[in-house]
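Thank you all for coming; today I would like to talk about aromatic rings and their neighbours. Please have a look at the model before I begin.

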Amino acid sequence: MKRKGLYVLATAAMLVLVAGCENNQEENPQNQVTEITTPTEAPEATATPEPTATPAPTATPVPANYMEANGIEVLGAGWHTCKGFIINELDENGNPILELADREYGFEVTEELQDDVKVIKAELHAKPYVHEHGGMTSSCMGGFVDLQTGKAFLPMDANLLQTTLLKQEDKEYELQLSFEFEFPSVTSPYYTETYTLVCPSDYEDAGFYLTGFNNDEEAFAERFGFWKKLNFIRHGESDLLVFGVNKGLATEPEKKTAEGAELAEENYFEANGLTTRGEGRVRYLGTELFQRRNSETGLWETVSVETKEVEVGFSVTEESLGDGAKCIKGTFSYDDEGSENEYRGVSSRTGVVDKRTGLVYPTQVYNLAGSYVLEKEGEQFSILVGREYVEEVNGRVDVTISVICPEEYDDLVFYLTGNYMTEEVDYSKKVEVSSIRDIEHGESDLVFLR
């Protein structure tokens with residue numbers, strides 16, 4: 001039985017106000033009591049002042065746990081921005097130069113009750129930091145942490161369920177913990193650490209942390225298989241985020257909207273009379289690029305981009321992944337001519353487009369999937385789009401676009417056209433969903449394949 005619930009621990013302090021009344025006796029300057037005489041006339045009535053309340057001193061609240069005592073906010077599910085490490089360049093000795101930059105970390109969690117224990121599955125995500133030259137940084141450090149004591153733990157080996165004892169003052173819990181990790185790839189948009197925690201059903205202090213990796217292998221390895229107080233995790237100047245399991249389970253799901261919906265057109269391919277070609281050699285009016293290496297700088301420079309008849313190979317595969325998902329791969333093959341100082345070959349732009357809406361779902365850089373939310377007949381679903389570049393031994397170059405989507409989704413086609421863009425691209429700029437109408441292709445053809 002799976003549940004998502006809210007456990008709230010609140011401490012309330014009551015202030016007791018004690019009111020004191022002054023003595024009504026009058027005193028003379030010598031502090032002697034004087035006799036009260038009967039007045040000859042009735043005195044005018046005077047208002048009796050309200051007694052002044054004296055507040056009792058406020059007790060200093062006792063921190064509920066380690067996190068509160070150390071001013072650490074416990075976060076729920078979703079994405080959070082913080083300072084993390086990136087590596088943009090190397091020094092003269094080839095060592096990475098660490099810099100701080102905004103990083104995005106995410107948290108997802110589910111819980112399942114099994115007899116007298118519960119099984120918690122937590123995913124910690126880190127979005128790669130993409131540099132303008134096309135490289136990316138995805139490294140970070142994560143682990144389990146007990147919110148009550150601040151004791152952190154990371155299993156000795158990935159994919160190995162490790163048993164350990166957690167002591168909380170007079171309590172003791174037996175925990176079983178394992179983890180696995182996945183790097184960003186053509187089918188994964190994040191660096192992800194997935195944790196499985198098996199614990200007693202009455203244990204309520206489970207949490208996880210994620211922080212920057214300062215390229216110190218010793219600081220990374222010293223956490224394996226041992227309990228370590230959170231404030232002894234060596235993460236340099238990067239931020240450290242703590243996520244609570246109970247708070248994560250209580251977080252309202254993020255409301256998503258279909259991306260690029262305002263640009264979508266109804267039955268785009270049908271309305272515009274567009275058709276698709278199949279596999280094989282594709283001949284079309286495209287562009288040929290001629291480049292020459294600069295002998296002084298060693299950099300490649302564009303000599304010309306010519307519109308002409310060119311030919312590209314195309315093949316497509318589909319594979320069922322189980323759980324209702326499939327992977328579609330479209331591969332474009334180029335037979336280029338080149339030498340040490342000159343290059344001549346087909347220059348093209350490729351991608352995927354939804355033939356029902358005319359929306360293009362781009363990739364930012366090679367070997368990093370992009371995640372998109374689509375909507376069809378009122379139902380939302382997600383797809384992953386990635387691109388990889390492979391140089392074959394025979395001189396052929398393959399560019400493969402991979403799409404992971406629901407098995408029933410069948411509106412995806414690949415496009416191919418000429419490429420007149422010769423200026424350098426800033427890969428750090430986030431790519432957005434666009435209409436196929438906005439693809440600049442000059443005089444070249446726009447070909448659709450599936």
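Let me start with a question: does tyrosine 361 count as buried or exposed, and at what relative accessibility? Please keep in mind, while you consider this, that we are looking at a predicted model. Tyrosine 361 counts as buried, because its relative accessibility is 4%, under the 20% cut-off.

Its partner is tyrosine 372, which is likewise buried, at 5% relative accessibility. Tyrosine 361 and tyrosine 372 form a tilted aromatic pair, with 5.4 Å from centre to centre and 55 degrees between the planes. Tyrosine 361 lies in the loop between strand 22 and strand 23, whereas tyrosine 372 belongs to strand 23 itself, so the pair ties together parts that are 11 residues apart in sequence.

Turning to the wider picture, the structure holds 21 aromatic pairs. One of them is formed by phenylalanine 144 and phenylalanine 208, and this pair is edge-to-face, at 5.7 Å centre to centre with 75 degrees between the planes. Here the pair links distant parts of the chain, since phenylalanine 144 sits in strand 9 and phenylalanine 208 in strand 14, 64 residues apart. Phenylalanine 144 is buried, with a relative accessible area of 1%, and phenylalanine 208 is buried as well, with 0%. Both residues also belong to one aromatic cluster, whose members include Phe107, Tyr191 and Trp227.

Finally, a word on charges. The charged end of arginine 223 sits over the ring of phenylalanine 220, 4.9 Å from its centre, and that of arginine 344 sits over the ring of phenylalanine 290, 4.2 Å from its centre.

Notes: Residues are numbered from 1 along each chain as its sequence is written. This is a predicted model: local features need pLDDT of at least 70, side-chain atom pairs count only at pLDDT 80 or more; totals for chains, interfaces and linings use all residues. Side-chain values use heavy atoms; hydrogens and water are left out. Rings of Phe, Tyr and Trp (its six-membered ring) pair if their centres lie within 6.5 Å; planes under 30 degrees apart count as stacked, over 60 as edge-to-face and the rest as tilted. Helices (H or I, at least four residues) and strands (E, at least two) are DSSP runs, numbered from the N terminus. Buried means under 20% relative accessible area, exposed over 50%, partly exposed in between (1.4 Å probe, protein chains only). A charge sits over a ring if NZ of Lys or CZ of Arg is within 6 Å of the ring centre and within 35 degrees of the ring normal.
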